[in-house]
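Biologist: Could you take me slowly through one part of this model, beginning with a single residue and its surroundings and then turning to a sheet?

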Amino acid sequence: MTSTLDVTVSSTDPAPTAARHLVCRGCGAQYPLAAQHACYECFGPLEVGYDQAALARVTREQIEAGPQNLWRYSPLLPVGQDPASRVSLNPGCTPLVRGDALAAELGMTGQLWVKDDSANPTHSFKDRVVSVALTAAKGLGFTRFACASTGNLANSVAAHAAHAGVPSVVFIPSDLEQGKVLTTAVYGGDVVAIEGSYDDVNRLCSELTETDEFEDTAFVNVNVRPYYAEGSKTLGYEIAEQLGWRLPAQVVIPMASGELLTKVDKAFSELVAIGLVPDTPWKIFGAQSAGCNPIAVALHADTDVITPVRPTGIAKSLNIGDPAAGLYALEAVRRTGGWMDYADDDEIRAAIRQLARTTGVFAETAGGVTTAVLGKLVAAGRLDPSAETVVLNTGEGLKTLDAVAGLVGPTHRVKPSLRAAREAGLLG
């Protein structure tokens, strides 16, 4: 598939894209806006490059007048300026929840917020990246949608494809949580379980993109990955807008590939550069599971060498043992003065319960990782407890019920009578 996106700017187009090319993160080489994810010169990853003058013309008022979903930020995105072009279940505009009780338990005096992206249509932040990626895929002429996934991405691709009436095929590790398998298969697309890790699945998908049989298939996190990654920026844009067009001092982000962390950082940088928010400093913090923590381990060892691992542990949505954006996550954390840490399975389970008990947000295991790491960062003095902080919950706890099964349940069992209720202490 060698077609390119039509980015022609005409006098009749009220909102042309500001995207101009793909650019290599490594050597800076530029390419057309096509289905390409790696640089031909140095094999580095590609991302979308924009006309900065066009971005600078975007106003707060223009964004605020947009729809109540991520497409309000379409002037800052590579695709989707025409509503008719979008492949979307309209994700975004998810709650920013006050975490006062959680902050008090952790010894934080600054305002704490939970950005709860479990409120998206398929209950994870992946709806953001999928909507942008598949809108690009549609514009590039692809006729089937696909992905390699640890669960949430498969949910979202299958749902968006069903909504758009396009065939889908998603590839997942065979040991994925049953809840995520069912919430993907229900949409009627093909679900292929691979006997191996996510990294094995991703490797196979990369190989499939080179075959004739998959020439017309858009793999959202392979051949259209540059557009997919841009969807993550909308989390950063939303946080800033919901805070009254300002940036938080600190943000704690779960890491699998590391891409979400880098794109939230990019979103903050873009908003400052085009004048939509004041230029105030922010620190980026990364959170990993102890069963899959190669980026955090590299930071702790003060090295750029990220050694791939074979993932283990309950936080399967973060189980990417060879993280594609790991180096860029390290750069963002170091540049902003943040840090990374990781949590084991018991800490993750405890943090899921703590977050639910103190905020009313029931997170999947990735949210447990982020909450547990937040506590560790405060305890270690790495994160300023007096500064405003946002912690990201990227998925719904109902998808990973096994994590807390056996730990929570009925607190009383009584017969249906006042006497039994009184004897159980329910009447004081």
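Modeller: In this predicted model, Lys 233 has a relative accessible area of 0%, and because buried is the word for anything under 20%, Lys 233 counts as buried. This lysine is found in helix H9, which covers residues 233–242. Its side chain is joined to the side chain of Tyr 50 by a polar contact of 3.5 Å. If we leave aside the neighbours within four places in sequence, the residues in contact with Lys 233 are Tyr 50, Leu 76, Leu 77, Lys 263, Lys 266, Ala 267 and Glu 270, so that Tyr 50 appears both in this list and in the polar contact.

Turning now to the sheet, we find four strands in an open arrangement, with the order E8-E7-E6-E9 and parallel pairing. Strand E8 (190–194) and strand E9 (217–219) stand at the edges, and because each has a single partner strand, one side of each is left without a neighbour in the sheet. On average, and with direction ignored, neighbouring strands of this sheet are turned by 20° against each other. Looking at one pair in detail, strand E6 (residues 144–148) and strand E7 (residues 168–173) run parallel and are joined by four bridges, and Ala 148 has Phe 171 in E7 as its bridge partner. Across E6, E7, E8 and E9 lies helix H7, made up of residues 198–208, and this helix runs at about 145° to E7.

Methods:
Residues numbered from 1 in each chain as written. Predicted model: local features only at pLDDT ≥ 70, side-chain atom pairs only at ≥ 80, totals over all residues. Heavy atoms only, no water. Pairing = 2+ DSSP bridges. Helix = DSSP H or I, 4+ residues; strand = E, 2+ residues; numbered from the N terminus. Axes fitted to C-alpha atoms, helices over the stretch in contact; angles between N-to-C directions. Contact = heavy atoms within 4.5 Å. Buried < 20%, exposed > 50% of the residue type's maximum accessible area, 1.4 Å probe, protein only. Polar contact = N/O pair within 3.5 Å; in protein donor to acceptor, adjacent residues only side chain to side chain.
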